[in-house]
Amino acid sequence: MKKNRLLSSLVILSAMISGCASSDRSESQTTTQQYDLRDLDGDGVIEARDQCPNSVPGSFVNNVGCGKEKEISERVELKLNFANNSAVIKPVYQREIEAIANFMHQYPDSSVTIEGHCSKTGSYELNMALSQARAEAVVDMLKDTFFIDPNRLQAIGYGYTKPIDDSETEIAAERNRRVIAAVSGTDKTIDMKWHIYSVDTE
């Protein structure tokens with residue numbers, strides 16, 4: 001009798017244990033990651049967010065993995081003195097134009113518009129043609145002497161339509177006879193991160 005009771009108790013206990021075990025058992029499910037969490041270029045931004053996927057190693061990037069860029073907008077007056085009614089650039093003024101060329105080589109995404117301006121002496125037609133010729137002379141030197149891509153260069157002659165001094169004096173005439181280099185573009189210089197392990201290389 002005791003044996004039968006013990007056997008019955010064991011059967012019931014076994015059934016309860018197996019029931020609990022089966023209720024705790026769940027089938028494994030595989031989930032697909034929706035976003036690419038890798039960082040292939042090592043800039044600290046995951047691929048799902050990285051808008052510039054080929055960052056230079058060690059450079060600063062923003063939240064979407066792109067380096068810092070800033071707009072270039074510079075207007076530089078070139079100290080060029082032309083002979084009367086001439087568009088020939090004297091060799092002594094070549095350094096003025098070389099400085100613009102060096103800047104454009106440093107920032108290859110930049111472009112320049114050379115503006116020619118004249119004083120209000122002579123006819124409108126003469127001054128328009130002369131200011132255009134002087135601007136084109138500067139562009140030609142940038143292209144032929146300093147090897148700037150002509151697609152990055154533009155020449156515009158304004159004649160005496162944009163004076164900076166309206167007084168009818170000789171000083172005003174000198175001020176109005178000018179050549180302006182208007183440089184525009186994007187500065188994409190890579191800003192590198194430095195830390196105590198950085199080593200300068202020659």
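Is Phe 103 buried, partly exposed or exposed? Phe 103 has a relative accessibility of 25%, so it counts as partly exposed. The model in which this value was computed is a predicted one.

## Aromatic pairs

There are 2 aromatic pairs in the structure. One of them joins Phe 103 and Tyr 107: the ring centres are 4.8 Å apart and the planes stand at 45°, so this pair is classed as tilted. The angle falls in the tilted class because stacked pairs have planes under 30 degrees apart and edge-to-face pairs over 60. Tyr 107 is buried, with 16% relative accessible area, whereas Phe 103 is partly exposed. The cut-off that matters here is 20% relative accessible area, under which a residue is buried.

Tyr 124 and Tyr 160 form a pair with ring centres 6.0 Å apart and planes at 75°, so the arrangement is edge-to-face. This pair links distant parts of the chain, with the two positions 36 residues apart in numbering. Tyr 124 belongs to helix 3 (residues 124-144), while Tyr 160 sits in the loop between strand 3 (153-157) and helix 4 (170-176). Both rings belong to partly exposed residues: Tyr 124 has a relative accessibility of 41%, and Tyr 160 has a relative accessible area of 21%.

## Surroundings of Thr 113

Thr 113 is part of strand 2, which covers residues 111-117. Leaving aside residues up to four places away in sequence, Thr 113 touches Gln 154, Ile 156, Ile 180, Ala 181 and Ala 182.

With Gln 154 there is also a polar contact, made between the two side chains at 3.4 Å.

## The largest pocket

The space in the largest pocket comes to about 450 Å³. Its lining consists of 24 residues. Those nearest the pocket centre are Phe 82, Cys 118, Ser 119, Arg 134 and Arg 177. By residue class, the lining holds 8 nonpolar, 10 polar and 6 charged residues.

Strand 1 (70-78), strand 2, helix 3 and strand 4 (178-187) are the elements that each give two or more residues to this lining. The largest share is that of helix 3, with 5 residues. Helix 3 is also the element that holds Tyr 124 of the edge-to-face pair, and strand 2 is the element in which Thr 113 is found.

Definitions and conventions:
Residues numbered from 1 in each chain as written. Predicted model: local features only at pLDDT ≥ 70, side-chain atom pairs only at ≥ 80, totals over all residues. Heavy atoms only, no water. Helix = DSSP H or I, 4+ residues; strand = E, 2+ residues; numbered from the N terminus. Polar contact = N/O pair within 3.5 Å; in protein donor to acceptor, adjacent residues only side chain to side chain. Contact = heavy atoms within 4.5 Å. Phe/Tyr/Trp six-rings, centres within 6.5 Å; stacked < 30°, edge-to-face > 60°. Buried < 20%, exposed > 50% of the residue type's maximum accessible area, 1.4 Å probe, protein only. 1 Å grid on protein atoms, 1.4 Å probe; cavity = no way out; pocket = protein on both sides within 12 Å on 5 of 7 lines; lining within 4 Å. Points joined across faces, edges and corners; volume = space filled by probe spheres on them. Nonpolar A, V, L, I, M, F, W, Y, C, P; charged D, E, K, R; others polar.
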